[in-house]
Amino acid sequence: MSTSVITTPNAPSPPAGVPLSQAVRKGNLVQVSGQTGVDPATGKPVSDSVADQTEQALRNVFAILDEAGASPEDVLMLRVYLTDVAHFAEMNETYAGVVGEPYPARTTVYVGLPPALLVEIDALAVLGQE
């Protein structure tokens, strides 16, 4: 089974010197690397709001999934990385509005991210499932 690297200009490119792909597809599995609230057009965070960054991170994830031939409905798991526990409620509300039901499985953990970044989200999708 071959591995395909997924790349799209509709999501931010990995930072220079960082050895990762936007996503990798192997068979019917697609793993999207962590996406932040960075606008692919400007290369900068969309705002200093965790709600705005959550929405943009999910847009970036969905753009990469689209390039891989997947849709949000194919997502089994989303992992959310937050920099501050105080942001959980705001992130959760935005997440629910963007992702919609039925919700995929999810893990949320608290981490350190580069300055100005408040949230990072990655995804695992399975294609061709009924």
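Of the contacts in the chain between residues at least 6 apart in sequence, 67% join residues at least 24 apart. The model is predicted, and its chain contains two helices and six strands. Read from the N terminus, these elements follow the order β-β-β-α-β-α-β-β.

**Overall dimensions and surface**

- The radius of gyration of the chain is 14 Å, which agrees with the value near 14 Å for a compact globule of 130 residues.
- The C-alpha trace spans about 40 × 35 × 25 Å along the principal axes of the chain.
- Buried residues account for 38% of the 130 residues.
- The exposed area of the chain amounts to about 6,900 Å², and 54% of this area is supplied by carbon and sulfur atoms.
- The chain carries 6 positive and 15 negative charges, and the mean positions of these two sets lie 9 Å apart.

**Strand pairing around β3**

- Strand β3 comprises residues 29-36 and runs antiparallel to strand β2, residues 23-26, with four bridges joining the two.
- Strands β2 and β3 form a hairpin in which two residues lie between them.
- Gly 27, located in the turn of this hairpin, adopts a positive phi of about 60 degrees.
- Strand β3 is also joined to strand β6, residues 119-126, by six bridges, and this pair is likewise antiparallel.
- Gln 31 of β3 illustrates both pairings: Val 24 stands opposite Gln 31, and Leu 124 in β6 is the bridge partner of Gln 31.
- As a general point, side chains in a regular strand alternate between the two faces of the sheet.

**Backbone features in the loops**

- The peptide bond from Glu 101 to Pro 102 is cis, and its omega is near -5 degrees.
- Pro 102 is placed in the loop between α2, residues 88-99, and β5, residues 105-110.
- Ala 116 has a positive phi of about 80 degrees, although this residue is not a glycine.
- The loop that holds Ala 116 lies between β5 and β6.
- Ala 116 counts as exposed because its relative accessibility is 51%, and the cut-off for an exposed residue is over 50%.

**Points to locate in the structure**

- The β2-β3 hairpin can be found through Gly 27 in its turn, and the other pairing of β3 through the bridge between Gln 31 and Leu 124 in β6.
- Two loop sites merit separate inspection: the cis peptide bond from Glu 101 to Pro 102, and the positive phi of Ala 116.

Methods
Residues are numbered from 1 along each chain as its sequence is written. This is a predicted model: local features need pLDDT of at least 70, side-chain atom pairs count only at pLDDT 80 or more; totals for chains, interfaces and linings use all residues. Side-chain values use heavy atoms; hydrogens and water are left out. The radius of gyration is taken over C-alpha atoms; the globule rule is 2.2 Å times the number of residues to the power 0.38. Buried means under 20% relative accessible area, exposed over 50%, partly exposed in between (1.4 Å probe, protein chains only). Contact means heavy atoms within 4.5 Å. Accessible areas come from the Shrake-Rupley method with a 1.4 Å probe; for residues, only the protein chains shown count as cover. Lys and Arg count as positive and Asp and Glu as negative; His and the chain ends are not counted. The place of a charge is taken as NZ of Lys, CZ of Arg, CG of Asp or CD of Glu. Two strands pair if DSSP finds at least two bridges between them.
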